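Biologist: I should like to learn how strand pairing and sheet order are read from a model. Shall we take the structure below as the case?

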Amino acid sequence: MAKNPISWFEIYVNDMDRARAFYETVLDVKLDRLDVPAEQGFQMWSFPADMESYGASGALVRMPGFDAGNNSTLVYFACEDCALEESRVVAAGGQVQRPKMSIGQYGFITLAIDTEGNMLGLHSMK
């Protein structure tokens with residue numbers, strides 16, 4: 001595999017407004033609505049992306065029949081210092097599962113749970 005293994009990610013949610021507010025607050029970003037066929041009954045809101053840069057972007061997704069939470073995939077969001085984003089989790093309606101911790105030469109991580117029951121990771125080098 002010559003390219004990065006992840007090309008896109010989706011985080012399934014039950015309450016789109018609540019989930020958008022959580023991620024926009026914690027990550028200090030603005031999500032953009034993606035145009036998807038309305039007759040299929042789902043919504044998607046995309047994280048900011050620079051298609052010329054390293055890494056992948058993704059979206060929050062609300063789709064009938066696909067409930068949030070209880071999944072086994074963990075997405076890590078890149079941060080300058082994950083302690084800053086961690087400090088916004090509880091006020092945004094989430095929970096800090098594991099506060100900032102060292103992962104040695106690979107930097108630091110925080111594990112949190114969003115308003116929909118999904119676990120997410122925050123990663124930084126400082």
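Modeller: Let us begin with a single pair of residues, bearing in mind that this is a predicted model. D32 stands opposite S46 in β3. That pair belongs to the contact between strand β2 (residues 32-34) and β3, where three bridges join antiparallel strands.

Biologist: Which strand joins β3 through four bridges?

Modeller: Strand β4 (residues 58-62) does, and the two run antiparallel. Here M44 stands opposite V61 in β4.

Biologist: Are the two faces of strand β3 covered or open?

Modeller: To read this, one takes the side chains of each face in turn and asks whether they fall under 20% relative accessible area, the cut-off for buried. In β3 (residues 43-46), Q43 and W45 lie on one side, M44 and S46 on the other, and all are buried. Both faces are therefore covered, by the cut-off just named.

Biologist: Let us turn to the other sheet. What is the order of the four strands in the open sheet?

Modeller: The order is β5-β8-β7-β6, with mixed pairing. β5 (75-78) and β6 stand at the edges with a single partner strand each, so one side of each has no neighbour in the sheet. On average, neighbouring strands of this sheet are turned by 20 degrees against each other, direction ignored.

Biologist: Which pairing in it is in the parallel sense?

Modeller: That of β5 and β8, over four bridges; F77 has L122 in β8 as its bridge partner. Helix α1 (residues 16-27) packs on the sheet and touches β5, β7 and β8, its direction making about 15 degrees with that of β8.

Biologist: How many bridges does β7 form with strand β8, and in what sense?

Modeller: Six, in the antiparallel sense, with β8 spanning residues 119-124. L111 stands opposite G121 in β8. Strand β6 (residues 95-102) also pairs with β7 in the antiparallel sense, over five bridges, and R98 stands opposite L111 there. Strand β7 (residues 108-113) is mostly covered, with five of its six residues buried.

Biologist: Which residues take a positive phi in the hairpins?

Modeller: In the hairpin of β6 and β7, G104 does so, near 65 degrees. In that of β7 and β8, G117 has a positive phi near 90 degrees. The first hairpin has five residues between its strands, and the second has five as well.

Biologist: Which helix lies across β6, β7 and β8?

Modeller: Helix α2 (residues 82-89), which runs at about 165 degrees to β6.

Note on methods. Residues are numbered from 1 along each chain as its sequence is written. This is a predicted model: local features need pLDDT of at least 70, side-chain atom pairs count only at pLDDT 80 or more; totals for chains, interfaces and linings use all residues. Side-chain values use heavy atoms; hydrogens and water are left out. Buried means under 20% relative accessible area, exposed over 50%, partly exposed in between (1.4 Å probe, protein chains only). Two strands pair if DSSP finds at least two bridges between them. Axes are lines fitted to C-alpha atoms, for helices over the stretch in contact, and angles run from 0 to 180 degrees between N-to-C directions. Contact means heavy atoms within 4.5 Å.
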